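Me: I would like to go through the reasoning behind a few labels, setting each value against its cut-off. Here is the structure I have in mind.

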Amino acid sequence: MSTTIASEDCLFCKIVAGEIPGDVVLSNGDVVAFRDVNPVAPTHVLVVPRRHAPDAAATVTDDPALAAALVSAAAEVARGEGLTDYRLVLNTGADAGQSVFHTHLHVLGGRTMAWPPG
Ligand code: 5GP
Ligand code: ZN
């Protein structure tokens, strides 16, 4: 189990801490998963580590097991949503579409996905 290291003024740290409400679908000692406020698919859940890091690569460096826990939790979320097929997305950097700089794994499903992504 990883410890909570929060970063001041981080939106997702505040959701993890319960200071800002989130529609939480899964929570354990490592991660919190909540529905995206602006869903782009019938299922759109964000899985975030409790421990703050700016992106997935930083989470891997800080705590490789936590990165694995993120993917396991995403699979658990997908199962809970009744999904066999789903897409996991880790936007890294503003040009890739990252807007919140606390690691988050998008779980997208419930519709057919196109490739390449936009
Ligand atoms: P990114 O663009 O960084 O990969 O993903 C950030 C995601 O966070 C976006 O899909 C956006 O809709 C979502 N988001 C932004 N603010 C909030 C919020 O206050 N609550 C929730 N649940 N999602 C948020
Ligand atoms: Zn944070």
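The exchange below takes up a ligand site and then one residue of a strand in this predicted model.

Me: Why is Thr 43 called buried?

Reply: Thr 43 has a relative accessible area of 5%, and buried means under 20% relative accessible area, so the value of 5% places Thr 43 in the buried class. This residue is found in strand β3, which covers residues 43-49.

Me: What makes the pair of Thr 43 and Glu 81 a polar contact?

Reply: The side chains of Thr 43 and Glu 81 come to 2.9 Å, and a polar contact requires a pair of N or O atoms within 3.5 Å, so the distance meets the cut-off.

Me: How do you know that ligand 1 has polar partners in the side chains of His 104 and His 106?

Reply: An oxygen atom of ligand 1 is 2.8 Å from a side-chain N or O atom of His 104, and an oxygen atom of the ligand is likewise 2.8 Å from such an atom of His 106. For Asn 91 the corresponding distance is 2.9 Å. The cut-off is 3.5 Å, so each of these pairs counts as a polar contact.

Me: What surrounds ligand 1, and which element gives the largest share of its shell?

Reply: Ligand 1 is surrounded by 16 residues, with Asp 36, Gly 97, Ser 99, His 104 and His 106 the closest. They divide into seven nonpolar, seven polar and two charged, and the largest share, three residues, comes from α1.

Note on methods:
Residues are numbered from 1 along each chain as its sequence is written. Chains are lettered from A and ligands numbered from 1 in the order in which they are written. This is a predicted model: local features need pLDDT of at least 70, side-chain atom pairs count only at pLDDT 80 or more; totals for chains, interfaces and linings use all residues. Side-chain values use heavy atoms; hydrogens and water are left out. A residue is near a molecule or strand if one of its heavy atoms lies within 4 Å of it. A polar contact is a pair of N or O atoms within 3.5 Å; within protein, one must be able to donate a hydrogen and the other to accept it, and residues adjacent in sequence count only if both atoms are side-chain atoms. Helices (H or I, at least four residues) and strands (E, at least two) are DSSP runs, numbered from the N terminus. Ala, Val, Leu, Ile, Met, Phe, Trp, Tyr, Cys and Pro count as nonpolar, Asp, Glu, Lys and Arg as charged, and the others, Gly among them, as polar. Buried means under 20% relative accessible area, exposed over 50%, partly exposed in between (1.4 Å probe, protein chains only).
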